[in-house]
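Here is a walk through one protein chain, meant to be read with the structure open beside you. Take a moment to turn the model around before reading on.

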Amino acid sequence: MENVTLADVKRAKETIKDIVLKTDLLENVRLSEKTGAKVWYKCENLQRTGSFKIRGACNKIANLTDEEKAHGVIASSAGNHAQGVALSAKNVGIKATICMPATAPVSKVAATKSYGAEVVLHGNVYDDAHAKAVEIQQKTGATFLEPFNDKEVIAGQGTIGLEIFEQLDGNVDTVLVPVGGGGIVAGVATALKGLKPDVKIVGVQTCNIPSMKVSYEAGKVTSAFNDVTIADGIAVKTPGDLTFDIISNKVDEIITVTEEEIAEAILFMMENQKLVSEGAGAVSTAALLSGKYKPVKGENVVCVVSGGNIDINTLYRIMSVALKEQGRRLSVVAELADEPGALAKFVSIFAENGANVLSINQDKLSTGKHIKKQIVEATVETVSFDQINIIKSALIENGIKAEYL
């Protein structure tokens, strides 16, 4: 297995220094107060193309031969590697073709096209797009750029670790890193373990696609897929063998978080740090908020925010889930008598208990079991689960049958 070293990462830093940004390292005071540690955000969501992926893509393309460049490049991506490759290829004047899952956010597809790349949509997850890219590569002879399972790509991503070390003057204790195929965590671990062997590297995946965690525990590369995920940037069913080898030797722990926990983390970051993160970028925050990773009091903990390329429509739906999980939104389907004043009475219960009605839909049915009944759906803003319980009790006291969504 080809090894990736600290020296490789340092060379990558020199190669890409005039292209990528040295992103901010910001303390999240709320998380610091909650955990007792000092929690920092490494803001790769503010990187060029909105993601860390440009680091690895630039380093890889810089290391291609003239012959490889002449054939153009092809890559598969859930969206962020796509943009990194597209911009890097544009900068050196070579053709780029990108295969992306059909489920990739519209914003990522549009951004990739804006950098001049040809985009092919195929399948539901990264692995499907990868298979399509391999098929096209065999027909065209284009140079394939792996998104994570590649020495130069891993070295490029590892430059994040060098920056973290410099920005904290070496006083870094734990780094939480999103994990999909494993490129970013392998690179960060290589850099930081090379500089400070006792630093703790923790990978974070979604429960829906825990492929690296399953592989880590099995001691071999293993595929895993339970369901689709809002963390599309780490939706990888089968991790790479090179990344797995590095992670097995350099990563201390891999944990998983749920979709609801990721949604809450996205909301938390927006409200408390004024940062917009995509699902993949929020998993490190989700690990701390959920208590699935408990840092040592007083240590310096860095959460890598890997990207901020989230589709606005997706963000809207995620916010709805997160608000419900926090007791700040309630959806009710109620059965009311079909008589004057029934709807007014129903709505007044929300008003009397301080809830704000966001939407309401009344459906009067005159046949079947709903004769003399009407169905009303309402969504209201609340401030806590205590307030929700008071509203539920008031509905029961007023003889209103209700279901809660």
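We will go from the domains to a sheet and its helices, and then to two pockets.

Please keep in mind that this is a predicted model. The chain is divided into three pieces: domain 1 covers 6-51 + 150-320, domain 2 covers 73-141, and domain 3 covers 327-404. Notice that domain 1 is written as two segments. If you compare the centres of domain 1 and domain 3, taken over C-alpha atoms, you will find 42 Å between them.

Let us turn to the sheet. It is an open one, built from six strands in the order 1-2-10-7-8-9, with mixed pairing. Its edges are strand 1 (25-27) and strand 9 (253-257), each of which pairs on one side only. On average, and with direction ignored, neighbouring strands in this sheet are turned by 25 degrees against each other. Helix 8 (residues 151-167) packs on the sheet, where it touches strand 1, strand 2 (38-43), strand 7 and strand 10 (300-305). The direction of helix 8 makes about 135 degrees with that of strand 2.

Within this sheet, one pair is worth a visit. Strand 7 (residues 174-178) and strand 8 (residues 200-206) run parallel and are joined by five bridges. To find your place in this pairing, look for Pro178, which stands opposite Val204 in strand 8. A second helix can be found from here: helix 9 (residues 183-195) lies across strand 7, strand 8 and strand 10. Helix 9 runs at about 160 degrees to strand 7.

Now for the open spaces. Where does the largest pocket lie with respect to domain 1 and domain 2? Both domain 1 (6-51 + 150-320) and domain 2 (73-141) give residues to its lining, so the largest pocket lies between them. Its volume is about 520 Å³. The lining counts 25 residues, and those nearest the centre of the pocket are Val228, Thr229, Ile230, Asp232 and Thr314. Helix 12 (259-273) and helix 14 (312-325) each supply at least two residues of this lining, and helix 14 gives the most, with five. If you are thinking about chemical character, the lining divides into 15 nonpolar, five polar and five charged residues.

The second largest pocket has a volume of about 190 Å³. It is lined by 13 residues, with Glu335, Leu336, Ala337, Gly399 and Ile400 nearest its centre. Two elements give two or more residues to this lining, namely strand 11 (329-337) and helix 15 (342-352). Which of the elements gives the most to the lining of the second largest pocket? That is strand 11, with three residues. By class, the lining of this pocket has five nonpolar, three polar and five charged residues.

Strand 11 also leads us to the last stop, its pairing partners. With strand 13 (residues 373-381), strand 11 pairs in the antiparallel sense over nine bridges, and here Ser331 has Thr379 as its bridge partner. Strand 11 is also paired in the antiparallel sense with strand 14 (residues 401-404), over four bridges. In that pairing Glu335 stands opposite Lys401, and Glu335 is also among the residues nearest the centre of the second largest pocket.

Technical notes: Residues numbered from 1 in each chain as written. Predicted model: local features only at pLDDT ≥ 70, side-chain atom pairs only at ≥ 80, totals over all residues. Heavy atoms only, no water. Pairing = 2+ DSSP bridges. Axes fitted to C-alpha atoms, helices over the stretch in contact; angles between N-to-C directions. Contact = heavy atoms within 4.5 Å. Domains from an automatic or database assignment. 1 Å grid on protein atoms, 1.4 Å probe; cavity = no way out; pocket = protein on both sides within 12 Å on 5 of 7 lines; lining within 4 Å. Points joined across faces, edges and corners; volume = space filled by probe spheres on them. Nonpolar A, V, L, I, M, F, W, Y, C, P; charged D, E, K, R; others polar.
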